[in-house]
Amino acid sequence: MSGKLYGVGVGPGDPKQMTYLAVETIQKCPVIAVPADGKEHAISYKIASGIVTDMNQKECLALSSPMTKDPNVLNENYQNVSKEIMKKLDEGKDVAYLTLGDPTIYSTYIYIQRIIKESGYEAEIINGIPSFCAVAAKLGDSLADRSEQLHIIPSSYDIEEALELPGNKILMKAASKLSDVKKILRDHELEAQMIENCGMEEERIYQNIDEMPEKAAYYTTLLVKNKWHF
C-alpha cells in the first residue's frame, strides 16, 4: 500500500492556532516535508514543533523552492520535489507537507499535490487559519461587513487595477515591494493597516501607511478598507 500525502496548514504563526486535525495529522505521519533547505530554516516546522511533541523523531524532507516567477524553473522544481515525496509514499509512509497559513492560498503545496494525484497517489488538504484572518482578529476588526466585497491580492504583481475594485482588499506578499505598495496606496488616497510576522515573536503592527517601513519581512499582510470601524 502506498502512503498518503497531506498538505497541512499550520496557521499564521502561533502554535496554539493550529487545528486539532492539523496536529493529529502531523503526529500520525512518519515523514515531514518542508519548503526550505532544512527544517531549521522552515518557519512552518518551527510552528508545528511548538505543539507537536515528537517532531524530532520524524524523518524530514527538505524541499526548497526557488524564489522566481519563471514558470519553467518552478515546474521543474515541482516535479523534482514530487519525486522525492513519491519515494516515501512508495515505501508506504504518509507524508505531511507543512505550509504556513492555509495550503489553498498562494501555497507551493497545491502544485505538488496536483502532480502527486495525477501520478495516482492519494492526497488531502488539512486547512489552517489564513494569515489575513489572524491579522484582522489582531487588529480587532472585520474583513468584510454586510454586502462588502473582499479581494485577496498578491502584491508582488501589479496591484493598481485591483485596487480599483469595490470593497476591501487584502495585500499579501507585499514585503519585497512595500515601498511601491505604499506609494500606490497614497496615490489612490487609501488607508491601510499592516502586520508583519503575525503571531510570531517578531510581530510588528502598523496602524497606518506613515508608520510602515520601506522594507518588511516576507510574512507581511496589509488590510485596505473603505472605512475602518472602531
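Trainee: How many Å separate the centres of domain 1 and domain 2?
Mentor: This is a predicted model, where local features need pLDDT of at least 70 and side-chain atom pairs pLDDT 80 or more, while totals for chains, interfaces and linings use all residues. Numbering starts from 1 along each chain as its sequence is written, and side-chain values use heavy atoms, without hydrogens or water. The chain splits into domain 1 (5-126) and domain 2 (131-225), with bounds from an automatic or database assignment. Taken over C-alpha atoms, the centres of domain 1 and domain 2 are separated by 26 Å.

Trainee: And how many residues of domain 2 are in contact with domain 1?
Mentor: Contact here means heavy atoms within 4.5 Å. Domain 1 brings 10 residues to those contacts, and on the domain 2 side the count is 15.

Trainee: What area is buried between domain 1 and domain 2?
Mentor: Think of the accessible area (1.4 Å probe) that two parts lose on being put together, summed over both. Carbon and sulfur atoms give 70% of it here, and the whole area comes to about 1100 Å².

Trainee: Which three residues supply 49% of the area that domain 1 buries against domain 2?
Mentor: Look on the domain 1 side, since the share is of the area that domain 1 buries. No other three residues supply more than P12, K69 and Y106.

Trainee: How much space lies in the largest pocket?
Mentor: A pocket is an open set of 1 Å grid points, with protein on both sides within 12 Å along at least five of seven lines, where a 1.4 Å probe fits; lining residues have an atom within 4 Å of a point. This one has 47 lining residues. Its space is about 1500 Å³.

Trainee: Which residues lie nearest the centre of the largest pocket?
Mentor: Y106 already turned up among the residues supplying buried area. Y106 is also in the central set of this pocket, which reads M67, Y106, T108, K173 and Y218.

Trainee: Why does the largest pocket lie where it does, relative to domain 1 and domain 2?
Mentor: Check who supplies the lining: domain 1 gives residues, and domain 2 does too. The pocket therefore lies between domain 1 and domain 2.

Trainee: What about the second largest pocket, how much space lies in it?
Mentor: Its lining includes G13, P15, K46, N197 and E202. Each of domain 1 and domain 2 gives at least three residues to that lining. The space in this second largest pocket is about 190 Å³.

Technical notes
Grid points are joined across faces, edges and corners, and a volume is the space filled by probe spheres set on the points.
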